[in-house]
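Trainee: I've got the viewer open and I'd like to test how each label is earned. Can we go through them one at a time?

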There are 2 protein chains.
Amino acid sequence: MSTERITPDATAENGSGNGREDIVHKVMEQQPDDEILYDLAELFKVFGDSTRIKILYAMFDNELCVNDIAKLLNLSQSSVSHQLRILKSSKLVKFRRDGKSIYYSLDDEHVRAIISMGMEHVEE
Amino acid sequence: MSTERITPDATAENGSGNGREDIVHKVMEQQPDDEILYDLAELFKVFGDSTRIKILYAMFDNELCVNDIAKLLNLSQSSVSHQLRILKSSKLVKFRRDGKSIYYSLDDEHVRAIISMGMEHVEE
DNA sequence: GTTACATATGATTACATGTTCATATGTATA
DNA sequence: TATACATATGAACATGTAATCATATGTAAC
């Protein structure tokens, strides 16, 4: 956590500015690269769809195949498959084949942690 | 609110079934209400935009006003204001007025935690 | 009051994306 | 091989939404 206090009262009046330029500059320097923040947004975008969240939550404690999910959430097989492709490419789920079925599950504890954090915020 | 209901004839090997119905039924019962999962998705949707993530990250340690953010991220004042409205209504940022300016900051530690978790996943 | 600055908002536009439908691929068994 | 089951994929459509522009509201100093 930050030990620095940022106060809006101007300690210096530099021309057209109002003393905020130092802060803006400082933040600009500590801001991660755009590419990283873009990837971060893309990650959250994957969580930001009702269907995908339902799928992820269903897999919280269980390994499920496409048909399980489709029946469980009353979705078409195609829709589930499309969404699982997105979840796979974001490394949010892993999978294994067993015979004709493919079983999906959450990729790691990060995924559970993110969902749990969000839940806490929503349920407050 | 209530979702679909499947016939609880989960008596194992029934024709085309493969004994997965018990699991589907179990997951269905432990799944939160659709409304909650919808809210959860809506929350992540707010994090799922590059501009908003940049704004949130800029406020990680700093209190900033609209103009600060606009200059910092090279965005229009209007765009920043629109996004801040979304962040406000999701309770992700708080604000206070001081004179003509309004200073925004992250609402609580949940927000920082969610961003940090996402960062860890992205930077892996 | 007027002027200047700071922020908010409504409407329009352009782009992104989730679902559906049809079809293809993959796997196991007879 | 053929057949059935399980999953994946491509295209088209419809909805959602972020940026822009113009304008409105709010605040402070004169």
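Trainee: What makes α5(B) stand out in the surface near DNA strand C?

Mentor: Its share of residues: α5(B) supplies six residues, the largest share of that surface. Keep in mind that this is a predicted model. Other elements giving at least two residues there include α5 of chain A, plus α4 (66-73) and β3 (101-106) of chain B.

Trainee: How do you know that a residue belongs to the surface near DNA strand C?

Mentor: Its C-beta atom, placed from the backbone, has to lie within 6 Å of the strand. For strand C, 24 residues surround it, and the closest are S78(A), C65(B), V66(B), N67(B) and S78(B). By class they divide into five nonpolar, 14 polar and five charged.

Trainee: And which residues are closest to DNA strand D?

Mentor: There, 25 residues surround the strand, with C65(A), V66(A), N67(A), S78(A) and S78(B) the closest. α5(A) gives the most, six residues. The classes come out as five nonpolar, 15 polar and five charged.

Trainee: Why is the relation between chain A and chain B called a two-fold axis?

Mentor: Look at the operation: chain A superposes on chain B by a rotation of 180 degrees, with 0.0 Å of shift along the axis and an RMSD of 0.0 Å. That is the relation of a two-fold axis, so the label follows. Both copies also use the same surface, since 93% of the contact residues of chain A recur in chain B.

Trainee: How many residues does the contact take from each chain?

Mentor: It takes 42 residues from chain A and 45 residues from chain B. On the side of chain A that touches chain B, the elements giving two or more residues are α1 (21-30), α2 (34-47), α3 (50-58), α4 and α6. α2(A) gives the most, ten residues. That side divides into 24 nonpolar, nine polar and nine charged residues.

Trainee: Pick one residue, H110(A). Why is H110(A) called partly exposed?

Mentor: Count neighbours: H110(A) has 18 C-beta neighbours inside 10 Å. Buried needs 20 or more and exposed needs 12 or fewer, so anything in between is partly exposed. With its 18, H110(A) therefore lands in that middle class.

Trainee: Where does H110(A) sit, and what does it touch?

Mentor: H110(A) is in helix α6 (residues 109-123) of chain A. Setting aside neighbours within four places in sequence, H110(A) is in contact with M117(B), E120(B) and H121(B).

Trainee: Back to chain B. What angle do the axes of α4(B) and α5(B) make?

Mentor: They cross at roughly 120 degrees and come within 9 Å, and the crossing is right-handed. V66(B), N67(B), I69(B) and A70(B) of α4(B) make the contact with Q77(B), V80(B), S81(B) and L84(B) of α5(B). In that contact, five residues are nonpolar, three are polar and none is charged.

Trainee: What makes up the contact of α3(B) with α4(B)?

Mentor: K54(B), I55(B) and A58(B) of α3(B) meet I69(B), L72(B) and L73(B) of α4(B). By class, the contact has five nonpolar residues, no polar ones and one charged. The two axes come within 11 Å and cross at roughly 115 degrees, and this crossing is right-handed.

Conventions:
Residues are numbered from 1 along each chain as its sequence is written. Chains are lettered from A and ligands numbered from 1 in the order in which they are written. This is a predicted model: local features need pLDDT of at least 70, side-chain atom pairs count only at pLDDT 80 or more; totals for chains, interfaces and linings use all residues. Helices (H or I, at least four residues) and strands (E, at least two) are DSSP runs, numbered from the N terminus. Two residues are in contact if their C-beta atoms, placed from the backbone, lie within 7 Å. Copies are superposed by least squares on the C-alpha atoms of residues with pLDDT of at least 70 in both. Ala, Val, Leu, Ile, Met, Phe, Trp, Tyr, Cys and Pro count as nonpolar, Asp, Glu, Lys and Arg as charged, and the others, Gly among them, as polar. Axes are lines fitted to C-alpha atoms, for helices over the stretch in contact, and angles run from 0 to 180 degrees between N-to-C directions. A crossing is left-handed if the near helix is turned anticlockwise from the far one by less than a right angle, and right-handed if clockwise.
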